[in-house]
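Work through these exercises with the model open beside you. Try each task before you read its solution.

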Amino acid sequence: MRIAIIGGGAVGSACAMFLRKFDARAAVDVIEPDPGLRLASSARSAASIRQQFSTEVNVRLSQFGLQLLRDPDAWLAVDDDKVDLGFVESGYLFVAIRADGAQALRENHAVQRACGATVSLLTADALSRRVPWLRVDDVQLASLGEGGEGWFDGYALALALARKSRALGAAWHASPVVGFERRDERVRAVQLADGARVEADAFVLAAGAWSRAVGALAGLDVPVFARRRTVFAFTCPQALPRTPLVIDTSGVWFRSEGHGFIGGWSPGASDDDPDDLPLDEPDLAQFDDRVWPALAHRVEAFAALRRTHAWDGYYEVHPADHNGLVGLHPQCANLLLACGFSGHGLQHAAGVGRGIAEWIVHGGYRSLDLSPLSPARIAAGRTLVERAVI
Ligand SMILES: Cc1cc2nc3c(=O)[nH]c(=O)nc-3n(C[C@H](O)[C@H](O)[C@H](O)COP(=O)(O)OP(=O)(O)OC[C@H]3O[C@@H](n4cnc5c(N)ncnc54)[C@H](O)[C@@H]3O)c2cc1C
């Protein structure tokens, strides 16, 4: 069996690694024009992992991601080299200031607990006892991860997955896909910019925020949009203990990062969120206009913070429901999608790679059923809404 994977970020690399793990005879080609991942989301993310989703399949994908982060050598070591992903276990803290937000936290909590996640709902008083430096007088309810959450080195994870896939025998091509050969509802081959042609029995589209553009080369609609997000790094003169990853109701988030902090803002449904803004142009005004005021409101000491640097990257947004598209494209019998994770794809890369490989090698999902994420829901007009989007 021959499989070609388009895109070699964390998701494409995980697909390649698991394909070779499950079937050492499978010929696996990874097509990645930028093996250093300069623009890839996998290299530009906030690289955090949480159990606190509203969708069961997302909680379960995080649980597998966690297994890999807690024991990276078992999954990713090559030639007995140690793999350091810098995993810091620390919770996420969602804060609700309105009744509807509090109700959403309660409903999400029920899903998470049913999956075995250790998450506590806290009143303002209880929150104040746990996190005394946080302003709580406007808080109706909070949700704190008590384990299985935290952050890690996302770039190191993506590179380790790529390295392991190579060690297991995947072949890499450093040139972009520029065309598809399709016949009878199937893709026969892809053409690369360097003139190469890669034939395969199955193709996986894992090109992150570029998946829509690549799908268009095959004449297929892939509703995944590149939406720029900026991450701001800052320090605070007053020492605070290590903070959880706090998600304020305004869409502003922050967490500890080394001796300082990082934070940012995710637009809500009613905010302007244009496609394809250029990268390497972080929106610095956003910090002064939105992020800093919300930070200083929630943590008094942040009134005196110093912004040190900023970077940007693309969320690969599937706007219909903010959940990934995993499985066969409804209009193509051998093109699988693995994209559209809407800002939570790094923590789910391992689980998605494992699922795609099971589907191709074994003809179906074995360890975790990813069919809720099937792209068939697009054609059927169904959604699987993830409410806990950051
Ligand atoms: C600021 C920010 C914060 C984030 N925070 C988190 C977080 O805390 N936790 C989390 O889980 N996720 C987070 N994410 C999301 C996460 O980074 C992505 O979901 C994940 O990295 C997607 O991985 P990927 O491999 O699908 O895409 P990418 O890493 O973007 O890889 C896609 C690859 O496709 C390649 N490609 C493009 N065009 C072509 C072509 N024509 N042919 C072949 N290949 C092509 C690109 O070169 C690229 O390397 C964040 C993202 C951003 C931007």
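**Exercise 1. The main core**

Which residues does Ile 356 touch, not counting residues up to four places away in sequence?

Solution. Start with the ground rules. This is a predicted model, where local features need pLDDT of at least 70, side-chain atom pairs count only at pLDDT 80 or more, and totals for chains, interfaces and linings use all residues. Residues are numbered from 1 along each chain as its sequence is written, and side-chain values use heavy atoms, with hydrogens and water left out.

Step 1. List the contacts (heavy atoms within 4.5 Å). Ile 356 touches Cys 15, Val 204, Val 326, Gly 327, Leu 336, Leu 337, Ala 338 and Tyr 365.

Step 2. Place Ile 356 in its core. A nonpolar core is a set of buried Ala, Val, Leu, Ile, Met, Phe, Trp, Tyr and Cys residues joined through side-chain atoms within 4.5 Å. Buried means under 20% relative accessible area, exposed over 50%, and partly exposed in between, with a 1.4 Å probe and protein chains only. The largest such core has 52 residues, and Ile 5, Leu 76, Val 204 and Ile 356 have the most contacts inside it.

Step 3. Name the suppliers. Helices (H or I, at least four residues) and strands (E, at least two) are DSSP runs, numbered from the N terminus. Elements that each give at least two residues to this core include strand 1 (2-6), helix 2 (56-70) and helix 9 (345-362). Helix 1 gives the largest share, 8 residues.

Step 4. Look beyond it. Another core, of 30 residues, lies apart from this one; Trp 133 and Phe 261 are among its members.

**Exercise 2. The ligand**

How many residues surround the ligand, and which are the closest?

Solution. Step 1. Count the shell, taking residues with a heavy atom within 4 Å. There are 35, and the closest are Glu 32, Ser 42, Ser 48, Glu 316 and Gln 347.

Step 2. Find polar partners (N or O atoms within 3.5 Å; within protein, one must be able to donate a hydrogen and the other to accept it, and residues adjacent in sequence count only if both atoms are side-chain atoms). A polar side-chain atom of Glu 32 sits 2.7 Å from a ligand oxygen. A backbone N or O atom of Leu 346 is 3.1 Å from an oxygen of the ligand.

Step 3. Check the cover. Alone, the ligand exposes 1000 Å², of which the protein buries 95%. These areas come from the Shrake-Rupley method with a 1.4 Å probe; for residues, only the protein chains shown count as cover.

Step 4. Find the main supplier. Strand 18 gives the most to the shell, 4 residues.

**Exercise 3. Two loop residues**

Is Thr 55 buried or exposed?

Solution. Step 1. Locate Thr 55: the loop between strand 3 (48-49) and helix 2.

Step 2. Read the accessibility. Thr 55 counts as buried because its relative accessibility is 6%.

Step 3. Find its side-chain partner. The side chains of Thr 55 and Glu 386 make a polar contact at 2.6 Å.

Step 4. Compare Ser 250, in the loop between strand 15 (245-247) and strand 16 (252-257). Ser 250 has a relative accessible area of 35%, so it is partly exposed. The Ser 250 side chain reaches the backbone nitrogen of Val 252 at 3.4 Å. Beyond neighbours within four places in sequence, Ser 250 is in contact with Trp 265 and Ala 294.
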